Amino acid sequence: MPFLELEGSPELADNPRDLSEALDVGSGSQVDWRIQRRDLAARHFKVDPAGAIPIVLPASNQNVIALNGRQVPTGGADLHPGDVIAAGSARFVYLESRDAERPAPPEEPPPALLVNAAARKAYTMRNRVVQVGREIGCSIVLKDPTVSRFHADVRSEAGGYVLYSMGSGGTKINGQTVTAPRMLVEGDEIAIGGTTFTFIRGAVPPGMSRVQFEDNAEEAVNRRQTMLAQRAVTASHGPAYRSRRNWKTPLMLGGGLVAVLAALYVVLVR
């Protein structure tokens, strides 16, 4: 009987899990195998052993999983003994039997970089999320009116880096518009507005300056929190509050005018 094992968690109950039937994996309460604190979606992926060759497939096109380092399409991919499934920050091994030999732990990959050749900058991917956009607090700020304030994220997950496009102007990889999260591979060219980045691993190319992040992330976080707080206050008061606030202003002005006229009358009478 085949099994699916979560690496590095021998203390976890029912690990490895038998695959006598289909197994849904995620962090939600409705899945067959619930795994928390590993950056998994509520229902992240499924292993289906029903056919002649078992398959693994993401729960939707918004969930990224990698099989032996390559992104799995929504239609799924065949599983073979010793295959490694990466999802979120977790790694799973497909085993032919409970006592099967486990693959060796992966070696540390070379550093990942986003290279802007035109600006001669190479951004090091050291944070779990690197945000690209027009907003001053993004990790990479692009002063381009065609770029959204928060245009795209590059997130460390599934053993690699995944691009999420959120900008209204769209994002392209190798000339193709990104419509779903996509795992980056060596040499991918990412077009955001009028700027092109190249995703590479290894040393900084000659002539490029190494940049970790812009220095204004804290300011953007504070600005965003202030905006959210203002919206929350307005929403909590509702339309009735706004209507009361609108009629209070002329009422106060009218009261002040009456007081002035009364004082003037007293002076004239005397």
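Which side chains along strand 6 point to one face and are buried, and which point to the other and are not? The legends below start there; the model is a predicted one.

**View 1. Strand 6 (residues 55–58) shows its two faces.** V56 and P58 share one face and are buried. I55 and L57 point the other way and are not buried. That fits a general habit: in a regular strand, side chains alternate between the two faces of the sheet.

**View 2. Strand 6 pairs with strand 5 and with strand 9.** Strand 5 (residues 45–48) runs antiparallel to strand 6, and four bridges join them. In this pairing V47 sits opposite V56, and a hairpin of six residues connects the two strands. Strand 9 (residues 77–78) is also antiparallel to strand 6, joined by two bridges. Here I55 has D78 opposite.

**View 3. An open sheet has five strands in the order 15-14-16-17-20.** The pairing in this sheet is mixed. Strand 15 (140–141) and strand 20 (182–183) are the edges: each has a single partner strand, so one side of each has no neighbour in the sheet. Further in, strands 14 and 16 run antiparallel with four bridges between them, and V132 faces A152 of strand 16.

**View 4. The largest nonpolar core gathers 22 residues.** The members touching the most others are L114, I140, V154, L163, I190, I192 and F197. Strands giving two or more residues to this core include strand 12 (112–116), strand 17 (160–165) and strand 22 (195–201). Another core, of 21 residues, lies apart from it, with V25, F45, V56 and A77 among them. Zoom in on I190 and you'll find contacts that include L114, L163, I173, L184 and F197.

**View 5. W33 and F92 meet edge-to-face.** This is one of four aromatic pairs in the structure. The ring centres are 6.0 Å apart, with 70° between the planes. W33 comes from strand 4 (residues 33–34) and F92 from strand 11 (residues 90–95), 59 residues apart. W33 is buried at 4% relative accessibility, and F92 is buried at 0%. Add F45 and you have one aromatic cluster of W33, F45 and F92.

**View 6. Y161 and F199 form a tilted pair.** Their ring centres are 6.0 Å apart and the planes sit at 55°, so the pair counts as tilted. Y161 is in strand 17 and F199 in strand 22, so the pair ties together parts 38 residues apart in sequence. Both Y161 and F199 are buried.

**View 7. R155 sits over the ring of Y164.** The charged end of R155 is 3.9 Å from the centre of that ring.

Methods:
Residues are numbered from 1 along each chain as its sequence is written. This is a predicted model: local features need pLDDT of at least 70, side-chain atom pairs count only at pLDDT 80 or more; totals for chains, interfaces and linings use all residues. Side-chain values use heavy atoms; hydrogens and water are left out. A nonpolar core is a set of buried Ala, Val, Leu, Ile, Met, Phe, Trp, Tyr and Cys residues joined through side-chain atoms within 4.5 Å. Buried means under 20% relative accessible area, exposed over 50%, partly exposed in between (1.4 Å probe, protein chains only). Contact means heavy atoms within 4.5 Å. Two strands pair if DSSP finds at least two bridges between them. Rings of Phe, Tyr and Trp (its six-membered ring) pair if their centres lie within 6.5 Å; planes under 30 degrees apart count as stacked, over 60 as edge-to-face and the rest as tilted. A charge sits over a ring if NZ of Lys or CZ of Arg is within 6 Å of the ring centre and within 35 degrees of the ring normal. Lists of a residue's contacts leave out its neighbours within four places in sequence.
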